[in-house]
Each structure stands twice: as structure tokens, then as C-alpha cells.
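Hi everyone, thanks for making the time. I'd like to walk you through a structure that is new to most of us, so please bring it up on your screens.

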Amino acid sequence: MSLDFSGRVAIVTGAGGGLGREHALALAKRGAKVVVNDLGGARDGSGGSASAAQAVVDEIIAAGGEAIANSASVTDFAAVLAMVQETMDKWGRIDILINNAGILRDKSFGKMELDDFRLVIEVHLMGSVNCCKAVWPIMTTQNYGRIMMTTSSSGLYGNFGQSNYSAAKLGLVGLMQTLSIEGAKHDIRVNALAPTAATRMTNGLYPEAMLNAIQASDVVPAMLVLAAQDAPNRTILCAGAGSFEAAHISLTKGVYLGRGENIDEQLLAQLAEVKSSDGQIFPENGIAQGHQEIMAAMNAHRD
């Protein structure tokens, strides 16, 4: 069964190269009209040029597709709103938002300047917030929308020298979790993708032989599934080198200890049981933790 995006309109940020370019080309190949957004800056976010986005647009048009270029910075909400308005003026709808724009300013936390921490948060997290906010009223009115956040294994599991990047990427998961709940009644499905791919963002992180095994195009199928009409909702897919996995944020069964003078010592003694994955659940919302804890307390007092 092929995924058909005919008649759909997609905005792909950070689409001037790497993963974003592959996403834009794949959506266009399958019939979508694509806004190719890219500031055209360096890996650290400096500089800017419209040429990167236009080059991808030229590829799409040469292949018979429809696309327009946009060089707005996702950190500039006014510019993002203008991009969205331009899209609506041209095509009258926005069905898909692929939040892919990002930069790197890696350094160990002790040596990192706070300005570098803030900028990475601003681009990855707030840039995605800006784009989501700009398309949200349109998707709500349409009663249709597909939004994909680009998270990372660095955010899900941590990575040395990437405290800023990790914080931003896990923040995107939290954003996805809530928007997927709030958008469900309007058929706005929000998901996240954690890619492993050879791009300028990963240059220097892997040996050459490994980079050859993780082509950016290998990640595209996961994006297409998350952007499709039959997409899941509130899913974290991981993809790279032809493999696909799902990541979950779980809540363990835990241990009820109640109140008392020595609860801290008891907790330390039973920490392994508290952390045990036996009987863990995957909560549908943030209320689940409190509900589990309250019920454990009530059942203990009932006994």
C-alpha cells in the first residue's frame, strides 16, 4: 500500500539539506505541494542564504512537483506567520508540518556559554512552537493536521556535550505529548521522530564507514508514516540505517511506602523495586501518575 499525499500541502523546516531535503523531496514525489523552508545558515546557526531552499525547490519542480522556497528563521514568529500566510494565499490549506530546523553548539556543560544553550533551545524547541502556533488555527478549522517533531536519542537518553540539544529535543517530546491530546478532537495528529542519519549535524560524530550506513533517505519512511492520513497519534518513532523502533515514556508500578520517620531510608533500600520495569504502564496523560499514587494510598489505608 503506497502513501499518497496528492492534494496535501506541507511545510518542511530546515529543508535546504540533509534530512529536511529528503523529507521535502519525498513528500513532493508522492503528490504534496511543499514549502521548503531553510534559513541557509551554518551548522551553528550563523549566517543565512535563500539559495539552499531554492535549490531543493528547483529539484522538486524539475521532477514535476510543486514547491516554493522560504528562508524565514523559525525563531522569528512574525516571519513564520508570514510564511504560513504566503502558503495559504497560494494553496489555501496546510495539512502537514515537519519541524526539522535545528543547529548544534556542542560543548560540555561546564564549558558551555549560556547564550549557546539558549540559542539551541530557541531554534529547536521555540522554533517548533512558533511553527505549530502559526498553523494550529488553520488545522483546527480544517479539522485535519499532521505535525511531526524531530526529537533525538540525545534528548531521549542523553549524550555527552549536548546538554542544550538534549534539553531542547526532550522538550519537543513534551510538546508533542500535549499537542497530540489537545489536537485529537480536530484530527490533528502529532508525533515525533528520532532519526539516525549522516548529515552535516552528525559530521565528526561517527567514523566514515558508519556514516555510509546511515543515509538520510533511510529515515524518510518513518516521516511519511507519521505525516500520512492514517498516521498514529502521540508516537515516538526511531529510525536509521533501515531499522525502525518506538520509544516510550513509561511509569513503573512502584512501591507504596506511606508516611513516617524513615521513609527515606526505606526508599533507598527498595529503590531497585521502585525502578523495576515489571508491571510498568505507558500513561495516556500526566494525570496517570497522580491517579496511581492516590489509589495506592487509598488501597493501603483500606487494608
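Let's begin at the surface: the chain exposes about 15200 Å², and carbon and sulfur atoms supply 53% of that area. Please keep in mind throughout that this is a predicted model.

What about the charges? The chain has 23 positive and 30 negative charges, and the mean positions of the two sets are 3 Å apart.

Now the overall form. Along the principal axes, the C-alpha atoms fill a box of roughly 70 × 45 × 40 Å. How does the radius of gyration agree with that of a compact globule? For 303 residues, such a globule would come out near 19 Å, and the chain has 21 Å, which agrees. As for the secondary structure, you will find 11 helices and eight strands.

Let's go inside. Of the 303 residues, 42% count as buried. If you take the contacts with a separation of 6 or more, 71% of them are between residues 24 or more positions apart.

Which residues have the most contacts inside the largest nonpolar core? That core has 44 residues, and the ones to look for are Ile11, Leu97, Val135, Ile147, Met149 and Val190. Several elements each supply at least two residues of this core, including strand 1 (9–12), helix 3 (77–91) and helix 4 (114–142). Further along the chain, strand 5 (145–150), helix 6 (163–183), strand 6 (188–195) and strand 7 (236–240) do so as well. Helix 4 gives the most, with 12 residues. Apart from this core lies another one, of 33 residues, and among them are Phe5, Ala32, Val220 and Leu237.

Let me stay with Val190 for a moment. Leaving aside neighbours within four places in sequence, Val190 is in contact with Trp136, Ile147, Met149, Met176, Leu179 and Ser180, among others. Its contacts also include Asn233, Arg234 and Thr235.

Arg234 deserves a visit of its own. You will find Arg234 in the loop between helix 8 (220–227) and strand 7. Arg234 is not a glycine, and yet it has a positive phi of about 65°. Is Arg234 buried or exposed? The answer is in between: its relative accessible area is 26%, so Arg234 counts as partly exposed.

There is another residue to show you with a positive phi. Asp187, also not a glycine, has a phi of about 55°. Asp187 sits in the loop between helix 6 and strand 6. Its relative accessibility is 24%, so Asp187 counts as partly exposed.

Finally, let's travel towards the end of the chain. Where is Ser277 found? Look in the loop between helix 10 (271–275) and helix 11 (287–302). Ser277 is partly exposed, with a relative accessible area of 43%. From Ser277 to Thr235 there are 42 residues along the chain, and their C-alpha atoms are separated by 20 Å.

Glu293 has its place in helix 11. With a relative accessible area of 44%, Glu293 is partly exposed. Glu293 and Ile138 are 155 residues apart along the chain, and 39 Å separates their C-alpha atoms.

That's my tour, so thank you for listening, and do feel free to turn the model around while we chat.

Terms used: Residues are numbered from 1 along each chain as its sequence is written. This is a predicted model: local features need pLDDT of at least 70, side-chain atom pairs count only at pLDDT 80 or more; totals for chains, interfaces and linings use all residues. Side-chain values use heavy atoms; hydrogens and water are left out. Helices (H or I, at least four residues) and strands (E, at least two) are DSSP runs, numbered from the N terminus. The radius of gyration is taken over C-alpha atoms; the globule rule is 2.2 Å times the number of residues to the power 0.38. Buried means under 20% relative accessible area, exposed over 50%, partly exposed in between (1.4 Å probe, protein chains only). Contact means heavy atoms within 4.5 Å. Accessible areas come from the Shrake-Rupley method with a 1.4 Å probe; for residues, only the protein chains shown count as cover. Lys and Arg count as positive and Asp and Glu as negative; His and the chain ends are not counted. The place of a charge is taken as NZ of Lys, CZ of Arg, CG of Asp or CD of Glu. A nonpolar core is a set of buried Ala, Val, Leu, Ile, Met, Phe, Trp, Tyr and Cys residues joined through side-chain atoms within 4.5 Å.
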